[in-house]
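Below are my notes on the structure, set out as numbered points. Please read them with the coordinates open.

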Amino acid sequence: MEEKVLAIAAGHEITEGELNRLISNYPPEQQIYMSSPQARQEALEQLIAFHLFHRMAIEEKITESQEYADMVEKIKVELASHMAATSVVEGIQVSEEEERAYYEANLSQFEEGAQVRARHILVDSKEQAEQVAAEIADGLAFEEAAQKYSTCPSKDKGGDLGYFSRGQMVPEFEKAAFAGEPGKVIGPIETQFGHHLIFVEDKKQASQRPFSQVQAQIHQQLVTARQQAAYQVKVEELSAAYGVERKDF
């Protein structure tokens, strides 16, 4: 079955297969967009322009120039070098037993520190913070108070900061949040940004991430390390076989 011809540019038939091969070279996140008719038409226009310029290069004898010949030779060298280097590392694998052994030997790498989820209200003065705290004590919801009084962009989410670990917030804020009791308003707490009221919603204790969660990460880490080692060994072998002389620069 012949492929559908989508356009003819400078005598070249652009087929649906050629268009699909072009689109397959796009990053995965872009390929979703490229499924739309408009995007496919844009890609087809790129192919049309490509073949038109190719004909122009032939007509103007660009392909017969020394500059063109030098560039082609450079590309050939780069491609051959890349293919040779890839052949050295492409077959490297790591077993699940090796992954588990690495996990057990490096448990500290996969610890998840304690986290706190909190909301906050940021105002300019201690007096204003105390006034807002009094309104909350009288029944105003913390989220509503944040939307009404806070100067932090988080006010649009009711002051919600999500979960955070130690080291992500300024020290005074962090100390109060991690020491605070869930369900109670803390503050005012003064930081370099102003005065805060903090409402701790939840706490997560430090935990060990299970092997199943980090296996893919470990696999890639071990494969990469093994590939780098194999690459370096091969470079040393080739240096000894073909010779390398390094000059001062």
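**Notes on the predicted model**

1. Setting aside residues within four places in sequence, Gly194 contacts Leu122, Val123 and Ile189. The model is a predicted one, and these notes should be read with that in mind. Gly194 belongs to strand β7. Its relative accessible area is 10%, so Gly194 is classed as buried, the limit being under 20%. Gly194 and Thr151 are 43 residues apart in sequence, and their C-alpha atoms are 9.5 Å apart.

2. Is His120 buried or exposed? His120 lies in strand β4, which runs over residues 115–123. With a relative accessibility of 4%, His120 is buried. Beyond four places in sequence, its contacts are Phe142, Ala146, Ser150, Cys152, Ser154, Gly159, Leu161, Phe173, His196, Leu197 and Ile198. Among these, Ser154 also makes a polar contact with His120, side chain to side chain, at 3.4 Å.

3. The partner in that polar contact, Ser154, sits in the loop between α7 and β5. Ser154 is buried as well, at 7% relative accessibility. Leaving out residues up to four places away, Ser154 touches His120, Gly159, Asp160 and Leu161. Gly159 and Leu161 also appear in the contact list of His120.

4. Which residues of helix α7 are buried? In this helix, residues 142–149, they are Phe142, Ala145, Ala146 and Tyr149. These residues lie on the same side of α7, because they span an arc of only 105° around its axis. In an α-helix there are 3.6 residues a turn, so residues three or four places apart point the same way. The cover over the buried residues of α7 includes β4, α6 (126–137), β6 (185–191) and β7 (194–204). Two of the residues named here, Phe142 and Ala146, are in contact with His120.

5. Ala176 is part of helix α8, residues 171–179. It is buried, with a relative accessibility of 14%. Apart from neighbours within four places in sequence, Ala176 is in contact with Ile186, Ile189 and Ile198. Ile189 is also a contact of Gly194, and Ile198 is also a contact of His120. Ala176 and Glu130 are 46 residues apart in sequence, with 16 Å between their C-alpha atoms.

6. How many salt bridges does the model have? The count is 13. One of them joins Asp160 and Arg117, whose closest N and O atoms are 2.6 Å apart. Asp160 is in strand β5 (residues 160–165) and Arg117 in strand β4, so this pair ties together parts that are 43 residues apart in sequence. Asp160 is buried at 12% relative accessibility, whereas Arg117 is partly exposed at 28%. Through shared partners, salt bridges link Arg117, Arg119, Asp160 and Glu201 into one network. Asp160 is also among the contacts of Ser154.

7. Another salt bridge joins the side chains of Arg100 and Glu96, at 3.1 Å from N to O. Both residues are in helix α5 (residues 96–105), and because they are four residues apart, about one helical turn separates them. Arg100 is partly exposed, its relative accessible area being 42%. Glu96 is partly exposed too, at 38%.

8. The side chains of Glu64 and Lys61 also form a salt bridge, with an N to O distance of 4.0 Å. The cut-off that applies here is 4 Å, and the distance should be read against it. Glu64 counts as exposed, with 58% relative accessibility.

9. Where is Ile62? It lies in the loop between α3 (37–59) and α4 (66–89). Ile62 is partly exposed, with a relative accessible area of 38%. Together with Tyr68 and Val72, Ile62 makes a nonpolar surface patch of about 230 Å².

Terms used: Residues are numbered from 1 along each chain as its sequence is written. This is a predicted model: local features need pLDDT of at least 70, side-chain atom pairs count only at pLDDT 80 or more; totals for chains, interfaces and linings use all residues. Side-chain values use heavy atoms; hydrogens and water are left out. Helices (H or I, at least four residues) and strands (E, at least two) are DSSP runs, numbered from the N terminus. Buried means under 20% relative accessible area, exposed over 50%, partly exposed in between (1.4 Å probe, protein chains only). A polar contact is a pair of N or O atoms within 3.5 Å; within protein, one must be able to donate a hydrogen and the other to accept it, and residues adjacent in sequence count only if both atoms are side-chain atoms. Contact means heavy atoms within 4.5 Å. Patches are made of residues with over 30% relative accessible area and no salt bridge: like charges are joined within 9 Å, nonpolar side chains (Val, Leu, Ile, Met, Phe, Trp, Tyr) within 5 Å. Accessible areas come from the Shrake-Rupley method with a 1.4 Å probe; for residues, only the protein chains shown count as cover. The arc is that of the directions from the helix axis to the C-beta atoms.
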